[in-house]
Amino acid sequence: MVVVTDGWNNLQGKLYAFSRVHHHWVLKFSNAVVVGKTGLAVGDGFVPLTIPGAPVKHEGDKKSPAGIFTIGTAFGYADKKDAAWIKNPYVRAFDTLICVDDMHSVNYNKLVAKDTAKADYNSFEYMHRKDNYYEWRLFINHNSTNTVPGDGSCIFMHIWENNHEGTVGCTAMTEHHILRVLHWINAKDNPLLVQLPRVEYRELRKVYGLPALVKF
């Protein structure tokens, strides 16, 4: 998946979903998204990126991570048997499931059960909310392999409020579109998310063999 915005400070963007077919990238679908309220910043992804002059992701900056990321667990409010169509590992978000965003905790940037995890955190986010924003989600593996305290945590793809309100660091879209992503994505294909401003995407595309986005 490729997400591009018009610049580092823009919150509106577009997602393009590609499959690799006979050594060629084939566009499967695309849709509008929003990213962080304050735009994008270079995150800690699958490929280390250094982009001169670009902001760098840190906890609490309300920016979504830019870079190349693996995609982790799908999770949501549905029982596991009702989400059997999802081809990524799936976790049901019970009332006790939280994501820890306290950089001083041993569970920083991890999904844990509040009733069993070591309570060494002062801040966290419930994964089962009263609204439907988290009803369907994908965990984006930002700052997850060698987790650095303070580099940002709890980054997801989820349902948006609308097309002009950004998130606190996630990438969001309509429920229809996140469901389409979840029906399409398959962990066995080792899917990646590439998320960048358009100009930087153009510059890095050929370096990493990324798809061309014709409708720029």
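**Strand pairing and residue environments in a predicted single-chain model**

Strands β2 and β3 form a hairpin with 2 residues between them, and H22 in the turn has a positive phi of about 50°. The model that contains this hairpin is predicted. The two strands run antiparallel, with β2 covering residues 12-21 and β3 covering residues 24-34, and 10 bridges join them. One of the residue pairs across this ladder is Y16 with S30, the latter being the bridge partner in β3.

The hairpin belongs to a chain with 13 strands and 2 helices. The chain has 216 residues and a radius of gyration of 16 Å, which agrees with the value near 17 Å that a compact globule of this length would have. Along the principal axes, the C-alpha trace spans about 50 × 40 × 30 Å. Buried residues account for 51% of the 216 residues. Of the contacts between residues at least 6 apart in sequence, 61% join residues at least 24 apart. The accessible surface of the chain comes to about 10700 Å², and carbon and sulfur atoms hold 53% of that area. The side chains include 24 positive and 21 negative ones, and the centres of these two sets lie 8 Å apart.

A second region of strand pairing involves β7, which spans residues 97-100. This strand is paired with β8 through 3 bridges, in an antiparallel arrangement. It is also paired with β9, again antiparallel and again through 3 bridges. On the β8 side, L97 has A113 as its bridge partner. On the β9 side, the bridge partner of V100 is F124. In a regular strand the side chains alternate between the two faces of the sheet. In β7 both faces are covered: L97 and C99 lie on one side, I98 and V100 lie on the other, and all four are buried.

The partner strand β8 comprises residues 111-113, and A113 is placed in it. The C-alpha atoms of A113 and L97 are separated by 4.6 Å, although the two residues are 16 apart along the chain. In contrast to the buried residues of β7, A113 is partly exposed, with a relative accessible area of 27%. This figure falls between the limits of 20% and 50%, so A113 is classed as partly exposed.

The loop between β7 and β8 contains both S105 and K110. S105 is buried, at a relative accessible area of 7%. This value is under the 20% limit, and S105 therefore counts as buried. Leaving aside residues up to four places away in sequence, S105 touches V100, D120 and Y121. K110 is partly exposed, with a relative accessible area of 42%. With the same exclusion of sequence neighbours up to four places away, the residues touched by K110 are I98, C99 and V100. The C-alpha atoms of K110 and C99, which are 11 residues apart along the chain, are separated by 5.5 Å. V100 thus appears among the contacts of S105 and also among those of K110, and it is one of the buried residues of β7.

Beyond β8, T116 is found in the loop that leads to β9, the strand of residues 124-126. T116 counts as exposed, at 65% relative accessibility. The separation between the C-alpha atoms of T116 and L97 is 10.0 Å, for a distance of 19 residues along the chain. L97 is therefore a reference point for two positions, with C-alpha separations of 4.6 Å to A113 and 10.0 Å to T116, where A113 is partly exposed and T116 is exposed.

Backbone torsions were also examined. Most residues other than glycine have a negative phi. N143 departs from this, with phi near 55°. Its place is in the loop between β10 (136-140) and β11 (156-159). N143 is buried, with a relative accessible area of 2%. N190 likewise has a positive phi, near 50°. This residue is found in the loop between α1 (175-184) and β13 (192-197). N190 counts as exposed, at 61% relative accessibility. The two asparagines therefore both have a positive phi, but N143 is buried whereas N190 is exposed.

Terms used
Residues are numbered from 1 along each chain as its sequence is written. This is a predicted model: local features need pLDDT of at least 70, side-chain atom pairs count only at pLDDT 80 or more; totals for chains, interfaces and linings use all residues. Side-chain values use heavy atoms; hydrogens and water are left out. The radius of gyration is taken over C-alpha atoms; the globule rule is 2.2 Å times the number of residues to the power 0.38. Buried means under 20% relative accessible area, exposed over 50%, partly exposed in between (1.4 Å probe, protein chains only). Contact means heavy atoms within 4.5 Å. Accessible areas come from the Shrake-Rupley method with a 1.4 Å probe; for residues, only the protein chains shown count as cover. Lys and Arg count as positive and Asp and Glu as negative; His and the chain ends are not counted. The place of a charge is taken as NZ of Lys, CZ of Arg, CG of Asp or CD of Glu. Two strands pair if DSSP finds at least two bridges between them.
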